[in-house]
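Please open the model in your viewer and keep the selection panel at hand. The tour moves from one chain as a whole to a pair of helices, then to an interface and a core.

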Amino acid sequence: MDLSLIIMQLLSGIALGAVLVITALGLTIVFGMLGVVNFAHGALFMIGAYAGLYLASLTGSFWWGLLLAPILIGAFGMLIEFVLIRRLYGRSIDDPLLLTFGLSYVLVEGVRIVFGSDGIPFPTPPQLIGVLDLGIGFFPRYRLFVIALVAVVLLALWLALEKTRIGLIVRAGARDPTIMQVLGVDIGRVWLAIFGLGVGLAALGGVLAGPMRSVNPEMGSLVLAEAFVVTVIGGLGSIVGAVVAGLMVGISISMVALFAPEMATIVMFALMAVVLLIRPQGLFGVRGRTA
Amino acid sequence: MTHPSGGEVLAKPAPSGLDRILDHRVLLSIVVLAILPWLLPSKALAVNVLIYGVVVMGYNLLFGYTGLLSFGQAAFFGAGAYFTGIAIGRYGVPWFVAVALAVLLSTCLAAVIGIISTRTRGIYFSMVTLALAQLVYYVALQAASFTGGENGLRGFTVDRISLLGLQVNFLDPVNKYYVLMAFAALAMWFQSRILNSPFGAVIEAIRENEQRARACGYDVERSKLVVFMLSGAISSLGGCMLALHLSIVPLDILHYQTSGMIVMMVLLGGARSFFGPFVGAASFLILEDVISLWTPHWQIFVGAIFVLFVLFLPKGIWGTLLDAIGIGKARR
């Protein structure tokens, strides 16, 4: 087993982790602000992939799909918040979770009705087909693009949260929504926007994952479990936690796949169990809220 | 009813006639289940109501009475079924020994998952139980030499059983129903005993106010672990019943969709009511049966109905009914 192979596998792990980071980030931001865990997150990831595929074939360009699918599905997410989830604030914290679980049933079956139950191949955009010579080995161009794009999105999110007035409101709202209302901020609108953002990130994850996995109505269920594992390891509500844990899980999966392929699907759960035994609140979680 | 330490646990209201009847909830439930095969359109449906009723009843102990929303109950349902099948098919163990063994092993599995998951609270608990149950699913998928992998577990048909020297043809649907009903009755008796015990009052106290229960001196963490194991044990018995009934164990039984179905059933019927799980299992399965007659996409309707229940009828069919005729909390 030579070093270059291990480095290439590490890069694969980072590409895999990048998609996990984007998906888990959507989950964790919504929880941090609204205190809602969206069980339909995996289904919305899947719908994002289908929307990207559909829009790409409609416009003839992958790039329109990549740009428009997260926006459209994000808007759909805002509709979900406005029509359904808004009614449940102030009720048991289990209720939004149960509702979004039922919703995921509806969404998955809806996609089956429209697009059929079979998987559909998601073509890689022509500009990104093939491999790039990195000096130590060849690496798929598309995966490098995924890593780069996720890095850009993370940077943009960080800047928006830390350096803008809106980001300030969002961060303050996560700390204490009541005080924000007293100060004259319409917290309902902030929550609406954040839920849309979270769902949009899930959809972006779906479009990015499309060319790397096959697109089928069931793809969301594995993604949901993965996103849960990442957020639990990182600490629910923690953005840094989602990034670190996402990369950690991605790299562990691809490294284990190299040495013991049959353990690859199991390793992330084992990782989560170990983290929970040592730090029940997750690596970057705050004690008291969830553990 | 007094707690061993001397304190009063439940304030008993003056018993009315209705209350006195409901004192015998196990007996009443058994009577309803005994005539069920003649109320439903098919015997196969009745057997499924029985099996899922037991699984959901065990889950109700955890979600309804203790307030812990687990999304991983399929692990114990599946474990009961797989252990029964493996014990009979691979090791030639008599069927009743296999069932006892399967429940025991599933309870051990529940202990392991419980130790990890009961360290967390609130929404974390739901996510962690889902993830750990998915771990069980992938382990079963990988350990194909034991479990049959994707094809499911086969080759352990129980066609004839002897009861007290009496040979019963287990392939006959009516015989099968009543043999399995004996298991359901046992599970109901066990659950009723738990709920009537001081421990039953403790888990309800944890649901109502965890901090106060802790301040009263109860070991909340240990009680959660114990209830997690009891719940897993009862649900695994449902798994054993499924294995005996189907003679195969499909891999899907372990998937989190099955856990979700259990959650749906308990909510449709009514969490925190004794007979609610059976009502929930029956409504879900009848709904599935009826809708799939005219469309293969029954899940879209079931999902939508579930969403409506969460929004407008969170106590479920049975719970709302009990409320409407004014039956107190302590008597359900």
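Begin by selecting chain B, which holds 15 helices and 2 strands, and bear in mind throughout that this is a predicted model. Along its principal axes, the C-alpha trace of chain B spans about 55 × 45 × 45 Å. A compact globule with 332 residues would have a radius of gyration near 20 Å, and the 20 Å of chain B agrees with this. If you colour chain B by burial, buried residues make up 48% of its 332 residues. Should you draw the contacts in chain B between residues at least 6 apart in sequence, 74% of them join residues at least 24 apart.

Next, select helix α4 (residues 74-91) of chain B together with α6(B), whose axes come within 9 Å and cross at roughly 30°. Because angles under 35 degrees count as roughly parallel, α4(B) and α6(B) are therefore described as roughly parallel to each other. To see where they meet, show B:Ala74, B:Ala75, B:Gly78 and B:Tyr82 on the α4(B) side, and B:Ala133, B:Val136 and B:Ala140 on the α6(B) side. Sorted by class, this contact of α4(B) with α6(B) has 6 nonpolar residues, 1 polar residue and no charged residues.

Now bring chain A into view and turn to the place where the chains meet: 33 residues of chain B are in contact with 34 residues of chain A. On the side of chain B that touches chain A, the elements giving two or more residues are α6 (122-142), α12 (256-269) and α14 (298-312) of chain B. Of these, α6(B) gives the most, with 14 residues. Colouring this side of chain B by class, you should find 22 nonpolar, 9 polar and 2 charged residues.

Which residues does B:Ala131 touch, once those up to four places away in sequence are not counted? Select B:Ala131 and its partners appear in chain A, namely A:Ala225, A:Phe228, A:Val229, A:Val232, A:Phe269 and A:Met272.

Finally, widen the selection to the largest nonpolar core, which has 199 residues, and pick out the members that touch the most other members: A:Ala203, A:Val229, A:Met272, B:Leu50 and B:Ala131. Helix α1 (residues 3-34) of chain A gives the most to this core, contributing 17 residues. As background for this last view, nonpolar side chains tend to be buried together in soluble globular proteins.

Terms used: Residues numbered from 1 in each chain as written. Chains lettered and ligands numbered in written order. Predicted model: local features only at pLDDT ≥ 70, side-chain atom pairs only at ≥ 80, totals over all residues. Core = buried A, V, L, I, M, F, W, Y, C linked by C-beta atoms within 7 Å. Buried ≥ 20, exposed ≤ 12 C-beta atoms within 10 Å, placed from the backbone. Helix = DSSP H or I, 4+ residues; strand = E, 2+ residues; numbered from the N terminus. Contact = placed C-beta atoms within 7 Å. Nonpolar A, V, L, I, M, F, W, Y, C, P; charged D, E, K, R; others polar. Axes fitted to C-alpha atoms, helices over the stretch in contact; angles between N-to-C directions. Parallel < 35°, antiparallel > 145°, perpendicular 65-115°, else oblique. Rg over C-alpha atoms; globule rule 2.2 N^0.38 Å.
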